Amino acid sequence: MQTPFGHNHERGAVVELTPEQQAVLDGARGPYLAKLMRWLVAWGEAMGARRLVRVDNTHALLPVPNLMARGASRETVEQYVAELREACSYRTAPGCYCTVHTAFVTLDPLDVPENDPEQVRLQKELAELAAQAGFIPTFTCAPYLVGNVPLKGEICAWTESSAVVYANSILGARTVRHGNESAIAASLLGWVPEFGVMLEENRKGTLRVEVTAHLDSTTDWGALGYFAGKRAGLGIPVFHGVRRPTQDEAKQLCAALATSGGVSMCHIVGVTPEAPTLEAAFHGAVPKDFVLFDDQALRETYASLRNHTGDEIDSVILGCPHASIREIAEIASLLRGKRVAKGVRLWVDAARATKASADAMGFTGVIEDAGGRILCDTCPTNMRIPARRIVTHGFKQAHYARSMTGAEVIVAETGPCIRAALAGRWLGDD
Ligand code: F3S
């Protein structure tokens, strides 16, 4: 049976457990781990998995929910945090490399109501507990930029849809899209149910995308992903005719694919480790039909995420997914000796580890001297920072900023984003 979740598996199958797994399920390692095991088994059965396999690498969410600033009771937040404290009272599975996804606050001082001091205090406490449990508290949506770079074939349990696409498509690792609970369970138990793109037969391309557009900037690759994600849905697009992307371009492609669609992986012919040819990407049978991404489609995709009714702006948000050191260097070079317009917030989202590098290399100082800041651990979308009109180089940021905060958005390449920040208004692409 072909389903969006896999091609050959009946949903509702029975997960066969090893004696060791059955013992955990029966409570041999205590009621909490038995509960996590029940979740994994139930999820696996719902998704058609036949077994649980050893997991090498996880990327889990350990966030204090940003509810207090919106009037949620302290009890509600405490209850949620208590669950995470309990999770962090165990050790991560031996040999499993476990990193942590973004939080809803920054651990740095930031004077906005959304960075609620009580929430920050709890998040810091959880960061410490997580580190003691064996997690590396990276607080980033791009773990592959800060050391978590699984090898081809590694079995992963990653949250963050953009990182999932990157892991499968660029690194050749294997992970389905995980939620909070399943990634924590996988981290502590060391197993994951095997289904979807973890299985060879489900990594076959489903949509051929012929690319003739000139992809000249990092954001252009985001446009390609946004276009293809919409058409691929839960399938696996295969890109043919494109050159090899840079790491930043691949990051934008993967993020946008997971934003407009539910894509878990793509093939870039000649780049994805298991897709040296078009035939290999489709496991032999290359479809004759294809969708075309040409220069007109590129222009139309940009236009689809520009809904501004005026040119004055109040926010320029860069680094979605979290910026690489190369992106930060580029932003610093565009800002050196200049000043961001009054009333404009220029934030570059990045992992704390990347910012530490930027601090050491002097890039942070240049960005701050210009009136910008590097925002660590989170991003404005996660924080739900209100804005009226946002300019961003990330298709994912533009998509969610519009849908979650109601802001007007303009997606553009990095250069025009910086020019807008300096002028306080959108000046166009050139
Ligand atoms: Fe990361 Fe936030 Fe974008 S979590 S992928 S910077 S929406």
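1. Which domains give at least three residues each to the shell around the ligand? They are domain 1 (19-198) and domain 3 (315-423). The model discussed here is predicted, and the points below start from the ligand and move outward.

2. The ligand is surrounded by Thr102, Cys141, Glu160, Gly319, Cys320, Pro321, Cys379 and Lys396. Sorted by class, this shell holds 4 nonpolar, 2 polar and 2 charged residues. A student may find it useful to locate these residues in the structure before reading on.

3. Two members of the shell, Cys320 and Pro321, share a backbone feature. The peptide bond that joins cysteine 320 and proline 321 is cis, with omega of about -10°. Proline 321 belongs to the loop between strand S10 (315-318) and helix H11 (325-335).

4. Glu160 is another residue of the shell around the ligand. Its phi is positive, at about 75°, although glutamate 160 is not a glycine. Glutamate 160 is placed in the loop that runs between strand S4 (156-158) and H5. Glu160 is also listed among the residues closest to the centre of the largest pocket.

5. What is the space taken by the ligand? That space is the largest pocket, and its volume is about 540 Å³. The pocket is lined by 27 residues, of which His101, Glu160, Asn382, Lys396 and Tyr400 are the closest to its centre. Lys396 also appears in the shell around the ligand.

6. Three helices supply two or more residues each to the lining of the largest pocket: H5 (161-171), H14 and H15. Of these, H15 gives the most, with 4 residues. By class, the pocket lining contains 9 nonpolar, 13 polar and 5 charged residues.

7. Why is the largest pocket said to lie between domain 1 (19-198) and domain 3 (315-423)? The reason is that both domains give residues to the lining of this pocket, so the pocket lies between them. The ligand shell likewise draws at least three residues from each of these domains.

8. Apart from the pocket, the structure has 2 cavities of 30 Å³ or more. The largest cavity encloses about 70 Å³. Strand S10 (315-318), helix H14 (380-383) and helix H15 (395-405) each give two or more residues to the lining of that cavity. H15 provides the largest share, 3 residues. H14 and H15 are therefore worth following in the view, as both also give two or more residues to the lining of the largest pocket.

9. The lining of the largest cavity consists of Ser315, Ile317, Arg345, Pro380, Thr381, Ile385, Pro386, Ala387, Ile390, Gln397, Ala401 and Thr405. These residues divide into 7 nonpolar, 4 polar and 1 charged.

10. The last point concerns a sheet. Strands of a sheet pair through backbone hydrogen bonds, in either a parallel or an antiparallel way. In this structure, 4 strands make an open sheet with parallel pairing, in the order S8-S7-S6-S9. Strand S8 (267-268) and strand S9 (291-293) are the edge strands, each pairing on one side only. Strand S6 (residues 207-211) pairs with S9 in the parallel sense over 3 bridges. Opposite glutamate 210 stands leucine 292, in S9.

Terms used: Residues numbered from 1 in each chain as written. Predicted model: local features only at pLDDT ≥ 70, side-chain atom pairs only at ≥ 80, totals over all residues. Heavy atoms only, no water. 1 Å grid on protein atoms, 1.4 Å probe; cavity = no way out; pocket = protein on both sides within 12 Å on 5 of 7 lines; lining within 4 Å. Points joined across faces, edges and corners; volume = space filled by probe spheres on them. Nonpolar A, V, L, I, M, F, W, Y, C, P; charged D, E, K, R; others polar. Near = heavy atom within 4 Å. Sits in = over half its atoms within 2 Å of the grid points. Domains from an automatic or database assignment. Pairing = 2+ DSSP bridges.
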